[in-house]
Amino acid sequence: MKIGVLGAWSIDNTGDAIIGYATRRALRSRLPGAEVIAFAPDLPGSHWRHDLTSARGVDGELVRVPVDDLSWARELDALVIGGGGIINFAPAFRGFLLGDERWTGPPAAWNGVCSQNTPAYAASTADRERVRRCCEQLTYVSVRNATTHKFVRRCGFTGAVHTVPDVAFADLDGEASANEAGRFTIGVSVGNAFEDPRTAGFHERLFVALAALARTHDADLRLFPFGSIYGDERLHHAAAARLPGARVERFSTPLDAWRAIGDVQLYAGARLHAVIAACAQQVPFVAIDEYFSDHTASSKLRELVVDLDLEAHYVCPFVTRDPAPKLALAATLVGTRPFEVLVARLRRELDEHVTAMIRALGLAC
């Protein structure tokens with residue numbers, strides 16, 4: 001049995017790599033006799049920084065496929081697509097929508113995908129029709145938030161749509177626990193809003209608050225680049241210059257970056273899957289939402305926070321001038337397991353989702 005898992009696994013973004021790894025691991029655990037193959041489309045543009053080796057693929061090398069030809073999928077018994085923000089109307093993303101023609105490949109499923117900043121109201125009739133047709137050809141449609149569910153409905157699809165947790169909440173092999181016994185460490189991940197003049201006051205207060213917490217706890221400050229496709233390495237070196245004693249970390253694999261967040265006592269981050277890494281590993285955090293957009297009147301990070309009732313851990317640098325109160329609140333949770341009940345529920349829901357997806361694909365489970 002051959003199962004293909006199609007996603008942007010080769011790009012230099014930790015979240016995408018972790019989603020792919022978590023998906024393949026879930027399939028292999030339920031279908032131990034199956035060959036699970038990771039396919040990565042050759043998205044055009046140097047900013048993706050593609051890498052097909054196990055350094056990016058985590059559990060093995062990736063198979064490069066063209067963005068405009070899905071004929072390779074015909075040899076498979078099933079195709080699992082995503083998750084992540086794959087509903088995008090750029091031509092290079094057409095493969096995630098099963099192409100432009102009638103699908104003649106194996107049973108296919110969406111795996112907790114997201115429309116991200118692709119609002120239905122701004123889509124052309126042809127684009128909405130493409131999404132509707134794709135959903136009707138899938139044997140199982142699952143999305144990761146309410147905005148994407150609404151998006152699919154507005155595209156005209158009337159069948160079953162399953163809203164499921166982000167796949168990255170899975171119990172990853174070798175997952176780290178919060179480092180309660182070691183030296184107190186504060187982790188930080190900044191984003192592109194760090195260079196936006198509108199957030200200058202926010203980041204000034206953020207760094208003052210982080211430095212004060214580091215002094216209070218005699219803590220190390222570590223900066224964690226999570227998405228090099230966004231220029232995170234440069235951004236984090238610039239941030240380190242404003243945080244005395246802070247060190248920018250480098251990681252050999254995406255899973256190393258994931259585990260590193262599990263080893264800190266407190267985390268403040270502007271990347272979605274860096275925040276999920278903290279939550280999944282019981283690290284108190286503050287989510288810095290720079291994705292907030294009037295395209296959808298929401299953001300993928302805010303969707304996560306609202307859906308999981310985590311507003312106490314949320315700030316938006318375009319709205320909030322002083323993140324210190326939220327950091328202080330997060331610091332009171334150090335040494336506890338504040339998200340244990342939540343994460344246990346999400347993992348049960350993910351187990352149910354994967355089982356339902358496998359059955360819908362006509363595979364044994």
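This is a short talk on the fold of one protein chain, taken from a predicted model.

I will start with the whole chain. It has 11 helices and 13 strands. Along its principal axes, the C-alpha trace spans about 60 × 45 × 40 Å. How does the radius of gyration fit with a compact globule? For 365 residues, such a globule would have a radius of gyration near 21 Å, and this chain has 20 Å, so the two agree.

Now the sheets. I will take two of them, in the order they come along the chain.

One is an open sheet of five strands, and the order across it is β3-β2-β1-β4-β5. The pairing is parallel. Which strands stand at the edges? They are β3, residues 63-65, and β5, residues 108-110, and each of them pairs on one side only. From one strand to the next, the twist averages 30°. If you want a place to look, take strand β2, residues 35-41, which runs parallel to β3 and is joined to β3 by three bridges. Find F39 there, and opposite F39 you will see V63 of β3.

The other is an open sheet with six strands, ordered β10-β9-β8-β11-β12-β13. Here too the pairing is parallel. The edge strands are β10, at 247-248, and β13, at 314-315. Each has a single partner strand, so one side of each has no neighbour in the sheet. Strand β9, residues 220-223, runs parallel to β10, and two bridges join them. L223 has V248 in β10 as its bridge partner.

Next, the helices. I have two packed pairs to show.

The first pair on my list is α5, residues 200-217, with α10, residues 324-331. Their axes are 9 Å apart and the angle between them is about 30°. Angles under 35 degrees count as roughly parallel, so α5 is roughly parallel to α10. The crossing of these two helices is right-handed. What meets what? From α5 there are L206, A209, L210 and L213, and from α10 there are A324, L327 and A331. By class, that contact has seven nonpolar residues, with no polar and no charged ones.

The second pair is α1, residues 14-30, with α11, residues 340-360. These pack at an angle of about 70°, with 11 Å between the axes. The range from 65 to 115 degrees counts as roughly perpendicular, and therefore α1 and α11 are roughly perpendicular to each other. Their crossing is right-handed. On the α1 side the contact has A26, L27 and R30, and on the α11 side D351, V354, T355 and I358. Sorted by class, the residues of this contact are four nonpolar, one polar and two charged.

Last, two details of the backbone. As background, most residues other than glycine have a negative phi, and most peptide bonds are trans.

Where is there a cis peptide bond? One joins G82 and G83, with omega at about 5°. G83 sits in the loop between β4, residues 78-81, and β5.

The other detail is R49. Its phi is near 50°, which is positive, and R49 is not a glycine. You will find R49 in the loop between β2 and α2, where α2 covers 54-57.

That is the end of the talk.

Note on methods: Residues numbered from 1 in each chain as written. Predicted model: local features only at pLDDT ≥ 70, side-chain atom pairs only at ≥ 80, totals over all residues. Heavy atoms only, no water. Axes fitted to C-alpha atoms, helices over the stretch in contact; angles between N-to-C directions. Helix = DSSP H or I, 4+ residues; strand = E, 2+ residues; numbered from the N terminus. Parallel < 35°, antiparallel > 145°, perpendicular 65-115°, else oblique. Left-handed = near helix turned anticlockwise from the far one by under 90°. Contact = heavy atoms within 4.5 Å. Nonpolar A, V, L, I, M, F, W, Y, C, P; charged D, E, K, R; others polar. Pairing = 2+ DSSP bridges. Rg over C-alpha atoms; globule rule 2.2 N^0.38 Å.
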